[in-house]
Amino acid sequence: MAEKLRVDAVELEHFMKLLDGSVTSLKGLRSALADATVGGLGTEDLDNACEDFQSDWKYGAEQIGEQTEDLSKIIEQNKNAFMEVEDALTKAMKKAGKTKDDIVEVPK
């Protein structure tokens, strides 16, 4: 089972950067929507529909942005916790005179 547990810290960092970029893009979108006007597009019904859409989209983008920020924080916390466990295991194995190869069969 242990051979199936692999965490690539570099990939996690890359994923967190992508999430942070998404948050930045969503903030830009929310800012653009806040400054956009919808009046004069056509009929009053169309203007009202566009205004409702803008309001809904703004709310949705805010929610996605908040959840994406939370996800990025959770991933970072998990990565840091895994790295702490990895370091502690490595130190314990060195103290016991063992290597990872002694404990887990490493595929070649």
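The expected span of a helix is 1.5 Å times one less than its number of residues. Keep that rule in mind as we look at helix α2 of this predicted model, because it gives us a yardstick for the element's length. Helix α2 has 52 residues, and from its first C-alpha to its last it reaches 76 Å, close to the 76 Å expected at 1.5 Å a residue. The helix covers residues 44-95, and it is followed by G97, whose phi is positive, near 75 degrees.

Let's step back to the whole chain for a moment. Its secondary structure comes to three helices and zero strands, and from the N terminus on the elements run α-α-α. Of the 108 residues, 15% count as buried. The chain exposes about 8500 Å², and carbon and sulfur atoms supply 56% of that area. How are the contacts spread along the sequence? Among contacts between residues at least 6 apart in sequence, 70% join residues at least 24 apart.

Which residues of α2 are buried? They are D47, Q54, A61, G65, T68, S72, I75, K79 and M93. As background, an α-helix has 3.6 residues a turn, so residues three or four places apart point the same way.

K79 is a good residue to visit next. This lysine is found in helix α2, and it counts as buried because its relative accessibility is 11%, where the cut-off for buried is under 20%. What does K79 touch, leaving aside its neighbours within four places in sequence? The residues in contact with K79 are A9, L12, E13 and M16. One of these, E13, also forms a salt bridge with K79, the closest N and O atoms being 2.5 Å apart. The pair links distant parts of the chain, since K79 sits in helix α2 and E13 in helix α1 (residues 9-35), 66 residues apart. The glutamate partner is less hidden by category: E13 counts as partly exposed, at 31% relative accessibility.

Side chains of opposite charge can pair when their charged atoms come close. How many salt bridges does the structure hold? There are two. Besides the pair just described, E69 forms a salt bridge with K27, and here the closest N and O atoms are 3.5 Å apart. E69 lies in helix α2 and K27 in helix α1, so this pair ties together parts that are 42 residues apart in sequence. Both ends are partly exposed: E69 has a relative accessibility of 28%, and K27 has a relative accessible area of 43%.

Now for another place where α1 and α2 meet. L33 lies in helix α1 and counts as buried because its relative accessibility is 16%. Leaving aside neighbours within four places in sequence, L33 is in contact with Q54, W57 and K58. Of these partners, Q54 appears among the buried residues of α2, whereas W57 is partly exposed, with a relative accessible area of 41%. L33 and S55 are 22 residues apart in sequence, and their C-alpha atoms are 8.6 Å apart in space.

W57 leads us on to the aromatic side chains. The structure holds one aromatic pair. F53 and W57 form this pair, which is stacked, at 6.1 Å centre to centre and with 15 degrees between the planes. Both residues lie in helix α2, four residues apart, about one turn of the helix. F53 counts as exposed because its relative accessibility is 55%, and exposed here requires over 50%.

Finally, let's look at the surface. Which residues form a nonpolar patch there? The patch consists of F15, L18 and L71, with about 260 Å² of accessible area together. L71 has its place in helix α2 and counts as partly exposed, at 38% relative accessibility. The residue just before it in numbering, D70, is also placed in helix α2, and D70 counts as partly exposed at 42% relative accessibility. The C-alpha atoms of D70 and L19 are separated by 9.9 Å, although these residues are 51 residues apart along the chain.

Conventions. Residues are numbered from 1 along each chain as its sequence is written. This is a predicted model: local features need pLDDT of at least 70, side-chain atom pairs count only at pLDDT 80 or more; totals for chains, interfaces and linings use all residues. Side-chain values use heavy atoms; hydrogens and water are left out. Patches are made of residues with over 30% relative accessible area and no salt bridge: like charges are joined within 9 Å, nonpolar side chains (Val, Leu, Ile, Met, Phe, Trp, Tyr) within 5 Å. Accessible areas come from the Shrake-Rupley method with a 1.4 Å probe; for residues, only the protein chains shown count as cover. A salt bridge is a side-chain nitrogen of Lys or Arg within 4 Å of a carboxyl oxygen of Asp or Glu. Helices (H or I, at least four residues) and strands (E, at least two) are DSSP runs, numbered from the N terminus. Buried means under 20% relative accessible area, exposed over 50%, partly exposed in between (1.4 Å probe, protein chains only). Contact means heavy atoms within 4.5 Å. Rings of Phe, Tyr and Trp (its six-membered ring) pair if their centres lie within 6.5 Å; planes under 30 degrees apart count as stacked, over 60 as edge-to-face and the rest as tilted.
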